[in-house]
Amino acid sequence: MKSTWLLALAVCGCAPAAAFHCASSEQCRDGASTGACEASGFCSFPDATCPSGARYTTAAGGLSEQCVEGLSMGTDTDGDGVPDAADNCPTVKNADQGNEDGDMFGDACDPCPPVADDIFVDSDNDGIDDQCDPHVGTVDHLALFEGFHHGVPAAWTIHGGTWVADGDGVLGTPLAGDLAVLTMPYSAMTSVTITAGITPTDLVSTMAVQAGVVGAYDGTHVLTCALHQMATMQTFVAQDTGVGTSNTKPWTFAVDMPYSIALTYDLANALDCYVEHAGASTTTAITLTLVPTASERVLGVYLDGIPARVEWLMLISN
């Protein structure tokens, strides 16, 4: 960054000094690039080879050409308090830097937040990576992703049971004889696909137990895609408990194993369900005889008889 010497000359109006002290980042310019005025009073510029993402200029006195220690104060394009050099979403505010899958994209700007992939493939140019897109070839929208990094968000609603932070997720526990239902602040007014990462934490029960994703709920009846166990028999079920309509497919699941469960609901007569674990998957579906009313179209997760950890939840609208 030897051109920074020219900056010192322009500011001082004299020959370059041995070191240039800055008062603001606007004074740290190298051609068209703007650096950062660090707490030390010297300029730095982005440098990916430094752990902090920034290196001092040649005019930084005893710190000349050294890496900035810790996080650089650097340019913060989105104003979230995290310098661009360290920000996993430099143009989208995400102060918590949530990154469910651990790839190069933070949740706030990831085209497929639950799947680690640094290569973005979007065949239909709708902003959703093909690995997450329920309708490749149709324009969809990623309406919401929640990684539960800080427990249950304030805007969400607990309809039953207890929901507490459990590492990188929330642990839902139904109370005796009741459901545990957690819903997001979003109503299904268009065709939607809701997908959740769900890990059962206990299957010891003599009752029928379930854990799944909700497409509609009125306080008692649910429209859901769920893991289902009756005694020792396990299945994956699409069901409307309000009218007793259901369809099941054989599926084996276990405690402390993560499952990705998806529910696609077109607000007319179809409920399509999908479950995946470690590359294996199955699907099931039902035709609805009654379409849920607008007040019933809440979306979330549902537990009946067993506790489970919900690690993430994603909503895509069509």
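Start by selecting Asp 87, which you'll find in the loop between β5 (54–56) and β6 (141–146). Keep in mind as you click around that this is a predicted model.

**Stop 1: Asp 87 and its partners**

Show the side chain of Asp 87 and look around for a salt bridge. You won't get one: Asp 87 is buried and has none. The nearest side chain of opposite charge belongs to Lys 93, and that is 11 Å away. For a salt bridge, the side-chain nitrogen would have to sit within 4 Å of a carboxyl oxygen.

So what does the side chain of Asp 87 reach? Put a distance label on the backbone nitrogen of Cys 89 and you should read 2.9 Å. Then add Gln 97 to the selection: its side chain and that of Asp 87 are joined by a polar contact of 2.9 Å.

**Stop 2: Gln 97 and Asn 125**

Stay on Gln 97, which also belongs to the loop between β5 and β6. Check its backbone torsions: phi is positive, about 55 degrees, although Gln 97 is not a glycine. As a rule, most residues other than glycine have a negative phi.

Now jump to Asn 125, in the loop between β5 and β6. Here too phi is positive, at about 55 degrees, and the residue is not a glycine. Is Asn 125 buried or exposed? Its relative accessible area is 69%, so Asn 125 counts as exposed, the cut-off being over 50%.

**Stop 3: Gly 41**

Next, select Gly 41, in the loop between β3 (36–37) and β4 (43–46). Colour by accessibility and Gly 41 comes out as buried, because its relative accessibility is 13% and buried means under 20%. Add Ala 23 and draw a line from C-alpha to C-alpha: the pair is 6.6 Å apart in space, with their positions 18 residues apart in sequence.

**Stop 4: the largest pocket**

Last, switch on a surface and go to the largest pocket, with a volume of about 460 Å³. Which residues lie nearest its centre? Select Gln 131, Cys 132, Thr 195, Ala 262 and Tyr 274 to see them; the full lining runs to 24 residues.

To see where the lining comes from, colour these strands: β11 (192–200), β16 (259–265), β17 (270–277), β18 (280–287) and β20 (308–317). Each of them supplies at least two lining residues. If you're thinking about the chemistry of the wall, recolour the lining by residue class: 11 are nonpolar, eight polar and five charged.

Key: Residues are numbered from 1 along each chain as its sequence is written. This is a predicted model: local features need pLDDT of at least 70, side-chain atom pairs count only at pLDDT 80 or more; totals for chains, interfaces and linings use all residues. Side-chain values use heavy atoms; hydrogens and water are left out. On a 1 Å grid over the protein atoms alone, a cavity is a set of points where a 1.4 Å probe fits but cannot get out, and a pocket is an open set with protein on both sides within 12 Å along at least five of seven lines; lining residues have an atom within 4 Å of a point. Grid points are joined across faces, edges and corners, and a volume is the space filled by probe spheres set on the points. Helices (H or I, at least four residues) and strands (E, at least two) are DSSP runs, numbered from the N terminus. Ala, Val, Leu, Ile, Met, Phe, Trp, Tyr, Cys and Pro count as nonpolar, Asp, Glu, Lys and Arg as charged, and the others, Gly among them, as polar. Buried means under 20% relative accessible area, exposed over 50%, partly exposed in between (1.4 Å probe, protein chains only). Lys and Arg count as positive and Asp and Glu as negative; His and the chain ends are not counted. A polar contact is a pair of N or O atoms within 3.5 Å; within protein, one must be able to donate a hydrogen and the other to accept it, and residues adjacent in sequence count only if both atoms are side-chain atoms.
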